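User: I would like to go through this model with you by question and answer. Please give the reasoning before each result.

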Amino acid sequence: MTNKLLTYAAATLMALGTTAQAQQGVTDDTVKIGVQTDLSGPLATWGAPATNGVRLRFDQANEAGGVHGRKIELFVEDTKYEVPMAARATNKLVQRDGIFAMLMGAGTSQTLASMKILDSKGIPNLFPLTGAASMTEPFNRLHFSQFASYRDGVIAGLRHFAEGGAKKICVQSVANEFGEEINAGVAIAVEQNDLEVVYKGSHKVTETDFAGVATAIKNTDCEVLAMGSAIKDSITLYATLRQLGWDKPMLGSMVPYTPIVAAAGDGKLTEGMYVTTSVLATNLEGSEVDLESFDEDLQAFAKAYEEVYGEPATLQAQMGYVAADLTVLALENAGRDLTVDSLIAGIEQITDYNDIFGGPTLSFGPDKHAGGDGFVMVQSQGGDWVVVETDLPY
């Protein structure tokens with residue numbers, strides 16, 4: 001009798017152990033994906049459409065039967081672009097909703113706070129809505145980005161101008177982590193290309209008066225300005241310098257790569273601005289856009305997005321769609337036996353990925369968790385972004 005009881009107890013403990021080790025967020029017919037993003041704060045113009053793009057792609061996958069028989073359940077929490085809210089949202093998604101992975105977290109500081117919680121639970125953080133190098137550096141097997149970093153974009157862009165003969169550089173950056181990363185990229189580009197920094201300035205993200213900065217830059221012999229600025233400050237800084245008659249190239253990062261910046265002042269305020277980006281958008285806005293000129297996949301996306309959300313798909317919506325498509329592909333690669341390990345292996349199998357929007361290829365591997373293989377340089381022309389260089393190395 002005692003032996004029978006011991007055998008039963010051992011079997012019960014083994015069963016409990018198996019249950020305890022069951023993969024969080026994965027059942028026979030579902031997998032749970034979380035999103036912590038800004039839906040109502042200052043970055044809502046990024047977070048909301050990006051989340052819509054994610055949802056559209058997951059809905060398409062679910063309508064097709066899911067991935068290996070599993071439907072993707074999406075759980076979204078609004079952070080209002082506040083770090084404490086991002087931590088709170090992540091805790092809720094992890095502890096109450098029991099997500100398998102986090103996707104498209106919005107904001108650098110917000111995502112860093114989120115990753116601390118995710119890392120402690122062994123939950124992957126996939127393709128956040130930021131190009132910060134800190135998303136994949138230092139290396140962590142749980143962290144993946146679809147972008148090459150802001151830092152590397154500056155390196156690629158300044159190399160381009162150095163090869164054209166530029167030697168003296170100015171840099172004006174916002175006084176936060178993003179600006180620090182731009183400055184780091186400038187420092188690397190200076191060393192690699194034998195450049196000289198003749199002016200370096202910083203400003204608050206809320207800065208609206210750049211008259212003094214513009215005058216100081218104009219009074220140097222600077223040949224290229226690297227801008228570590230966001231949306232409104234990029235427009236104001238650029239326009240102020242042009243109003244003073246300064247006609248040298250000005251280079252921004254992926255952050256000001258939005259239709260709002262290109263179209264500012266009917267396109268006149270930012271005419272000629274350069275941006276290096278590891279993602280390329282297709283302009284789907286405006287009555288002049290001819291959807292029939294696009295290939296079938298892009299037409300289908302544009303029509304489906306506008307039908308569901310009642311507006312054209314912005315750059316951010318396209319980013320979200322690509323992030324979700326990469327996730328679906330990774331889940332397919334992972335196979336039916338879905339675990340964190342198999343998901344990581346599934347992402348690392350993705351190479352030479354081409355999105356439907358014509359952006360640079362994305363590749364991952366055991367030692368490469370930032371997907372971007374290169375950069376595209378675009379320029380604001382006539383109120384729109386126009387590609388001027390492709391496949392810029394970094």
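Analyst: Phe-375 is buried, with a relative accessible area of 2%, and this residue belongs to strand 11. The model is a predicted one, and we can take up the ring partner of Phe-375 next.

User: How far apart are the ring centres of Phe-375 and Tyr-394, and is the pair stacked or edge-to-face?

Analyst: Phe-375 lies in strand 11 and Tyr-394 in the segment after strand 12 (384–392), so that 19 residues separate them and the pair links distant parts of the chain. Whereas Phe-375 is buried at 2%, Tyr-394 is partly exposed, with a relative accessible area of 37%. The ring centres are 5.3 Å apart, and because the planes stand at 80°, over the 60 degrees required, the pair is edge-to-face.

User: How many aromatic pairs does the structure hold, and which residues do ring pairs link into a cluster?

Analyst: The structure holds 11 aromatic pairs. One of them joins Tyr-321 and Phe-357, whose ring centres are 6.4 Å apart with planes at 80°, so this pair is edge-to-face. Tyr-321 is in helix 11 (residues 315–334) and Phe-357 in the loop between helix 12 and strand 11, 36 residues apart. The count is therefore 11 pairs, and the cluster linked by ring pairs consists of Phe-301, Tyr-305, Tyr-309, Tyr-321 and Phe-357.

User: Why do Tyr-321 and Phe-357 fall in the class they do, buried or exposed?

Analyst: The relative accessible area of Tyr-321 is 11%, and that of Phe-357 is 5%. Because buried means under 20%, Tyr-321 counts as buried, and Phe-357 likewise counts as buried.

User: At what angle do the axes of helix 5 and helix 6 cross, and is the crossing left-handed or right-handed?

Analyst: The axes of helix 5 (residues 150–163) and helix 6 (residues 177–193) come within 8 Å of each other. Residues of helix 5 that take part in the contact include Val-154, Ile-155 and Leu-158, while those of helix 6 include Ile-182, Val-186 and Ala-189. By class, the contact has 11 nonpolar, 3 polar and 3 charged residues. The axes cross at roughly 40°, and the crossing is right-handed.

User: Where does the model have a cis peptide bond before a proline, and what is the omega value there?

Analyst: The proline concerned, Pro-138, is found in the loop between strand 4 (125–126) and strand 5 (143–144). The peptide bond from Glu-137 to Pro-138 is cis, with omega near -5°.

User: What are the phi values of Tyr-81 and Asp-352?

Analyst: Tyr-81 sits in the loop between strand 2 (71–78) and helix 3 (83–96), and is partly exposed at 32% relative accessible area. Asp-352 sits in the loop between helix 12 (340–348) and strand 11 (375–381), and counts as exposed at 54% relative accessibility. Both values are positive in a residue other than glycine: phi of Tyr-81 is near 65°, and phi of Asp-352 is near 50°.

User: Which residues of the model should not be read in detail, given their pLDDT?

Analyst: The protein averages a pLDDT of 92, and 94% of the residues score at least 70. Where pLDDT is low, the predicted coordinates should not be read in detail. The stretch with pLDDT under 50, for which the model has 0 contacts beyond four places in sequence, is residues 1–21.

Key:
Residues are numbered from 1 along each chain as its sequence is written. This is a predicted model: local features need pLDDT of at least 70, side-chain atom pairs count only at pLDDT 80 or more; totals for chains, interfaces and linings use all residues. Side-chain values use heavy atoms; hydrogens and water are left out. Axes are lines fitted to C-alpha atoms, for helices over the stretch in contact, and angles run from 0 to 180 degrees between N-to-C directions. Helices (H or I, at least four residues) and strands (E, at least two) are DSSP runs, numbered from the N terminus. A crossing is left-handed if the near helix is turned anticlockwise from the far one by less than a right angle, and right-handed if clockwise. Contact means heavy atoms within 4.5 Å. Ala, Val, Leu, Ile, Met, Phe, Trp, Tyr, Cys and Pro count as nonpolar, Asp, Glu, Lys and Arg as charged, and the others, Gly among them, as polar. pLDDT is the predictor's confidence in each residue, from 0 to 100. Buried means under 20% relative accessible area, exposed over 50%, partly exposed in between (1.4 Å probe, protein chains only). Rings of Phe, Tyr and Trp (its six-membered ring) pair if their centres lie within 6.5 Å; planes under 30 degrees apart count as stacked, over 60 as edge-to-face and the rest as tilted.
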